[in-house]
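Here are my notes on this one, written for someone just starting out with structures. Have a look at the picture, then go through the points in order.

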Amino acid sequence: FFFQAEDGIRDVERSRGLGDVYKRQCKEHNKGFVRYCEECNILICADCSNKHMNHKMLQEKELADQIKESAINKNMQLGGAIKRLKEIGEKAKNCIELIKSTCSDIKELSLIHI
């Protein structure tokens with residue numbers, strides 16, 4: 001999930017030397033975000049909801065649950081991919097050892113027949 005704020009909705013302020021942080025509120029209405037508009041892919045405050053009246057909306061908790069579920073699924077997919085990569089790495093090591101051994105055998109045989 002990726003989402004953006006409407007133009008002007010982000011406000012940057014300095015925070016104890018830790019760098020810039022985003023306020024979690026609408027700059028236009030100075031109110032916290034309460035919904036996510038799936039159609040526009042943005043967070044909105046209650047007052048901005050009127051502009052998105054006929055759009056499909058999610059409450060913050062629903063959005064958080066969807067993001068969490070997506071992250072869990074991605075993590076499981078990555079875990080499977082990492083396991084497969086490790087297996088491929090082991091097979092590659094075995095192939096390298098077999099090639100080294102075969103090269104060594106060929107070298108010995110060529111010395112015997114000289």
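**Notes on the predicted model**

1. Let's start with how much is tucked away. Buried residues make up 14% of the 114 residues in the chain. Keep in mind that this is a predicted model. The chain exposes about 9,400 Å², and carbon and sulfur atoms supply 56% of that area.

2. Now the layout. You'll find seven strands and one helix in the chain. Following the sequence, the strands come before the helix, in the pattern β-β-β-β-β-β-β-α. Among contacts with a separation of 6 or more, 29% link residues 24 or more positions apart.

3. How far can you trust it? The mean pLDDT is 77, and 77% of the residues reach 70 or more. Confidence is highest in helix α1 (residues 60–112), at a mean of 90, and lowest in strand β3 (residues 20–22), at 39. Across residues 1–21 the pLDDT is below 50, although this stretch has 43 contacts in the model beyond near neighbours in sequence. Where pLDDT is low, the predicted coordinates should not be read in detail, so go easy on that part.

4. Next, the largest nonpolar core. It has 11 residues, including Cys26, Phe33, Tyr36, Leu58 and Leu63. Two elements, β5 (31–37) and β6 (42–45), each give two or more residues to this core. The most come from β6, which gives four. As a general point, nonpolar side chains in soluble globular proteins tend to be buried together.

5. Which way do the residues of β6 point? Ile42 and Ile44 point one way from the strand, Leu43 and Cys45 point the other way, and all of them are buried.

6. Strands β5 and β6 are worth tracing with your finger. They run antiparallel and are joined by four bridges. Together they form a hairpin with four residues between them. Within this pairing, tyrosine 36 stands opposite leucine 43 in β6.

7. Finally, where is asparagine 41? This residue is found in the loop between β5 and β6, and in that turn it has a positive phi of about 60 degrees. Is asparagine 41 buried or partly exposed? Its relative accessible area is 28%, and buried means under 20%, so asparagine 41 counts as partly exposed. Its side chain makes a polar contact with the side chain of tyrosine 36, at 2.2 Å. Asparagine 41 and methionine 57 are 16 residues apart in sequence, with their C-alpha atoms 9.7 Å apart in space.

Definitions and conventions: Residues numbered from 1 in each chain as written. Predicted model: local features only at pLDDT ≥ 70, side-chain atom pairs only at ≥ 80, totals over all residues. Heavy atoms only, no water. Buried < 20%, exposed > 50% of the residue type's maximum accessible area, 1.4 Å probe, protein only. Contact = heavy atoms within 4.5 Å. Areas by Shrake-Rupley, 256 points an atom, 1.4 Å probe, with all protein chains shown as cover. Core = buried A, V, L, I, M, F, W, Y, C linked by side-chain atoms within 4.5 Å. pLDDT = per-residue confidence, 0-100. Polar contact = N/O pair within 3.5 Å; in protein donor to acceptor, adjacent residues only side chain to side chain. Pairing = 2+ DSSP bridges.
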